[in-house]
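Here is a short, friendly briefing on one protein model. Have the sequence and the 3D view open as you read, and look for each part as it comes up.

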Amino acid sequence: MKKWMLLSAFVLLLAACNDENQEDEMDEEETEETDTTEEIEEEEEEEVVEEEEQMQQVQISEEDLFYDSHIYRLVDKNHALAEDYVPSDLVTVDVRVVYEDGANQLRQIAAQALSNLFAAADNDGITLYADSGYRSYDTQAGLYNSYVERSGEAEANRYSAQPGHSEHQTGLTMDVTSESANFQLLQSFGDTEEGIWVEENAHRYGFIISYPEGTEEITGYMYEPWHLRFLGISLATEIYESGLTYQEYLMERGFDIE
Ligand SMILES: [Zn+2]
């Protein structure tokens, strides 16, 4: 009887040992599994980071681009605003202006952004003047016709938009100048201290230079260092960092805008 009990105890002990061994092995397996899981998680994290980088691109839909009151509205030689489109939230800008009785209106959001831009410029000792903001379809038609009379249609098309095709009708565009440019809209503004500041900083306040130097073949307009289009800080910054015009940027993102 005693012998049987001892034997049983021995068997139990062995069994226990085996169990322990098995548990150890299982622990090891679990450890291995944990390692593998961590590796997978790391890989997943890398994928998430890559996705997030792509997600950081400003969301734009084709609808936005062709909806008159959307701040991303594309207005160029091939894309026009409706003749009767007038922004509903125009306000007079609260910055230094060249003409007290001039075209000094912008949409609310762009007017605020322009105030921020001017304040930042002031801080850096840069004195800017707003020259021309919102223009109605009819005002643009009058301007364009007078330019055609003055320089002929082909030349006028290089520097003036046909009615409906002016970014100024969006209420999101302001021409700026400086005393150093004689308060004029001249290409030499781009070489002034003020023009250089604008080129380097406008995007921080949501504006791009629509017609940068050397892009006439793309935009259809000669270099206009004074012409600032509001697109919001995120999109303006993306475009600035891309070094592209708005049109090129949109094409690179796969929008069919031609
Ligand atoms: Zn302009």
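Strand β5 is a good place to begin: with three residues, β5 gives the most to the lining of the second largest pocket. Keep in mind that you are looking at a predicted model. From β5 we can go on to the rest of that pocket, then the sheet, the largest pocket and the zinc ion.

**The second largest pocket**

- This pocket has a volume of about 320 Å³.
- Its lining is made up of 16 residues, and E199, I209, P212, Y240 and L244 are the closest to its centre.
- Besides β5, the elements that contribute two or more residues to this lining are α6 (193-201) and α8 (233-242).
- Sorted by class, the lining residues are ten nonpolar, four polar and two charged.

**The sheet**

- β5 also belongs to an open sheet of four strands, which follow the order β3-β4-β6-β5 with antiparallel pairing.
- β3 (129-132) and β5 (207-209) are the edge strands; each has a single partner, so one side of each is left without a neighbour in the sheet.
- On average, neighbouring strands in this sheet are turned by 40° against each other, ignoring direction.
- What joins β5 to β6 (residues 227-230)? Three bridges do, and the two strands run antiparallel.
- To find this pairing on your screen, look for F207, which stands opposite F230 in β6.

**The largest pocket**

- The space in the largest pocket comes to about 500 Å³.
- A total of 25 residues line it, with R135, Y147, D175, L185 and W226 lying nearest its centre.
- Two elements, β3 and α4 (137-151), each give two or more residues to this lining.
- Which element supplies the largest share of the lining? That is α4, with four residues.
- The lining of this pocket has eleven nonpolar, eight polar and six charged residues.

**The zinc ion**

- D175, one of the residues nearest the centre of the largest pocket, is also a donor to the zinc ion, through two OD entries.
- The other protein donors are H168 (NE2) and H227 (ND1), and the donors lie 2.1 to 2.8 Å from the zinc ion.
- Why is the arrangement irregular? The four donor atoms subtend angles of 51 to 156° around the zinc ion, which makes it so.
- Along the sequence, the donor residues follow the spacing H-x6-D-x51-H.
- H168 sits in the loop between α5 (153-159) and β4 (173-177), while H227 is in strand β6, so this pair ties together parts that are 59 residues apart in sequence.

Definitions and conventions
Residues are numbered from 1 along each chain as its sequence is written. This is a predicted model: local features need pLDDT of at least 70, side-chain atom pairs count only at pLDDT 80 or more; totals for chains, interfaces and linings use all residues. Side-chain values use heavy atoms; hydrogens and water are left out. Two strands pair if DSSP finds at least two bridges between them. Axes are lines fitted to C-alpha atoms, for helices over the stretch in contact, and angles run from 0 to 180 degrees between N-to-C directions. On a 1 Å grid over the protein atoms alone, a cavity is a set of points where a 1.4 Å probe fits but cannot get out, and a pocket is an open set with protein on both sides within 12 Å along at least five of seven lines; lining residues have an atom within 4 Å of a point. Grid points are joined across faces, edges and corners, and a volume is the space filled by probe spheres set on the points. Ala, Val, Leu, Ile, Met, Phe, Trp, Tyr, Cys and Pro count as nonpolar, Asp, Glu, Lys and Arg as charged, and the others, Gly among them, as polar. Donors are N, O and S atoms within 2.8 Å of the metal (3.2 Å for Na, K and Ca); water is not among the atoms, so sites may look incomplete. Four donors count as tetrahedral if all angles lie between 85 and 135 degrees; four count as square planar and six as octahedral if opposite donors are over 155 degrees apart and all others between 65 and 115; anything else is irregular.
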